[in-house]
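Ready for a short walk through a structure in your viewer? Keep the selection box handy, and we will go from one stop to the next.

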Amino acid sequence: KTHESLETLSRALTKLQDTLNSKLIQTSILIKNIVMKYLYCEVVIHILYFSVDVTLDPDTAHPNLTLSADGKQVRHGDTEQKLPDKPGRFDFLVSVLGKVGFSSGRFYFEVQVKGKTNWNLGVARESMNRKGDIKLIPSDGYWTVVLRNGNEYWAYAHTDVSLSLRVKPQQPGVFVDYEEGLVSFYDVESSSHIYSFTGQSFTGKLYPYFSPCLNNRGTNSIPLIITPVSYNK
């Protein structure tokens, strides 16, 4: 009986130890998440100071894109508009740039993408090619994150990087530090980091870059919307 009692006690102690270890792991993860959330908030508060007022440049917009009167929204339409074929206008990829470029310092902007199944977002070098089929990669002057098929997120680096995100970003934020060679993407609503291009070497001006992508017979007709940056995150 004494032997059986010791075995029972041993099993109970082992179970208790396993429970304690599990609780410690859960507590550690919780603390880590709280710390990461705090650090993220500190980073975002810092970034928000560099928010800029972005307006879309109609002289760069693909003829199938429709811009709102205030220059804050862009959607793809089925009808190609008769527009002057200016050197700065995209003629194949349904894209548009912001009006103002930046050649130094830091800047940040946010875009609402809720309800869309495809989009491209990021920054582009002023001297990049805008005609014909374009590769959205850094060596060609583009630093972008994209959504495909409603749930596939990619960073178009030198090799495509598949992004595993906890939640679907509804309002991505884009932060650029020109001197540091940094382009970072954040999910504003979930307070999480999406992807960063680091160690980049920028030359000339960088412009905010947007593509609502094709409307796909109405399934992707919702516009990209440049949103005012809120300081109450």
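Start with Lys86, which is partly exposed at a relative accessible area of 31%. Please keep in mind along the way that this is a predicted model.

**Stop 1: two salt bridges among the loops**

Show the side chain of Lys86 together with that of Asp59: the two meet in a salt bridge, 3.1 Å from N to O. Lys86 sits in the loop between strand E2 (73-76) and strand E3 (96-97), while Asp59 belongs to the loop between H1 and E1, so this pair ties together parts 27 residues apart in sequence. Asp59 is partly exposed as well, with 36% relative accessibility.

Now select Asp85 and Lys131. Their closest N and O atoms are 2.9 Å apart, and the two residues form a salt bridge. Which parts of the chain does this pair tie together? Lys131 is in the loop between strand E5 (119-125) and E6, and Asp85 is in the loop between E2 and E3, so the link spans parts that are 46 residues apart in sequence. Asp85 counts as exposed at 61% relative accessibility, whereas Lys131 counts as partly exposed at 25%.

**Stop 2: a salt bridge between strands**

Next, pick Arg106 and Asp177, which form a salt bridge with 2.9 Å between the closest N and O atoms. Arg106 lies in strand E4 (residues 106-112) and Asp177 in strand E9, so parts 71 residues apart in sequence are tied together here. Is each partner buried or partly exposed? Arg106 is partly exposed, with a relative accessible area of 37%, but Asp177 counts as buried at 7% relative accessibility. The whole structure holds 4 salt bridges, and the ones visited so far are among them.

**Stop 3: a buried arginine**

Move to Arg148, in strand E6 (residues 142-148). What is the nearest side chain of opposite charge, and how far away is it? It is Glu152, at 7.5 Å; Arg148 is buried and has no salt bridge. A salt bridge needs a nitrogen-oxygen distance within 4 Å. Turn instead to Asn120, whose side chain joins that of Arg148 in a polar contact of 2.8 Å. To see the surroundings, add Thr117, Asn118, Trp119, Tyr156 and Cys213: these are among the residues that Arg148 touches, leaving aside those up to four places away in sequence.

**Stop 4: aromatic rings**

Finish with the rings. How many aromatic pairs are there? The count comes to 10. Select Phe50 and Phe175: their ring centres are 6.3 Å apart and their planes stand at 50 degrees, so the pair is tilted. Phe50 is in the loop between helix H1 (2-48) and strand E1 (65-67), and Phe175 is in strand E9 (residues 172-177), which makes this a link between distant parts of the chain, 125 residues apart. Phe50 is partly exposed, with a relative accessible area of 23%, while Phe175 is buried, at 6%.

Then compare Trp143 and Phe202, an edge-to-face pair with 5.0 Å centre to centre and 85 degrees between the planes. Trp143 lies in strand E6 and Phe202 in the loop between strand E11 (192-197) and strand E12 (206-211), 59 residues apart. Both Trp143 and Phe202 are buried.

For a last view, select Phe90, Tyr142 and Tyr209, which form one aromatic cluster.

Notes: Residues are numbered from 1 along each chain as its sequence is written. This is a predicted model: local features need pLDDT of at least 70, side-chain atom pairs count only at pLDDT 80 or more; totals for chains, interfaces and linings use all residues. Side-chain values use heavy atoms; hydrogens and water are left out. Helices (H or I, at least four residues) and strands (E, at least two) are DSSP runs, numbered from the N terminus. Buried means under 20% relative accessible area, exposed over 50%, partly exposed in between (1.4 Å probe, protein chains only). Lys and Arg count as positive and Asp and Glu as negative; His and the chain ends are not counted. A polar contact is a pair of N or O atoms within 3.5 Å; within protein, one must be able to donate a hydrogen and the other to accept it, and residues adjacent in sequence count only if both atoms are side-chain atoms. Contact means heavy atoms within 4.5 Å. Rings of Phe, Tyr and Trp (its six-membered ring) pair if their centres lie within 6.5 Å; planes under 30 degrees apart count as stacked, over 60 as edge-to-face and the rest as tilted.
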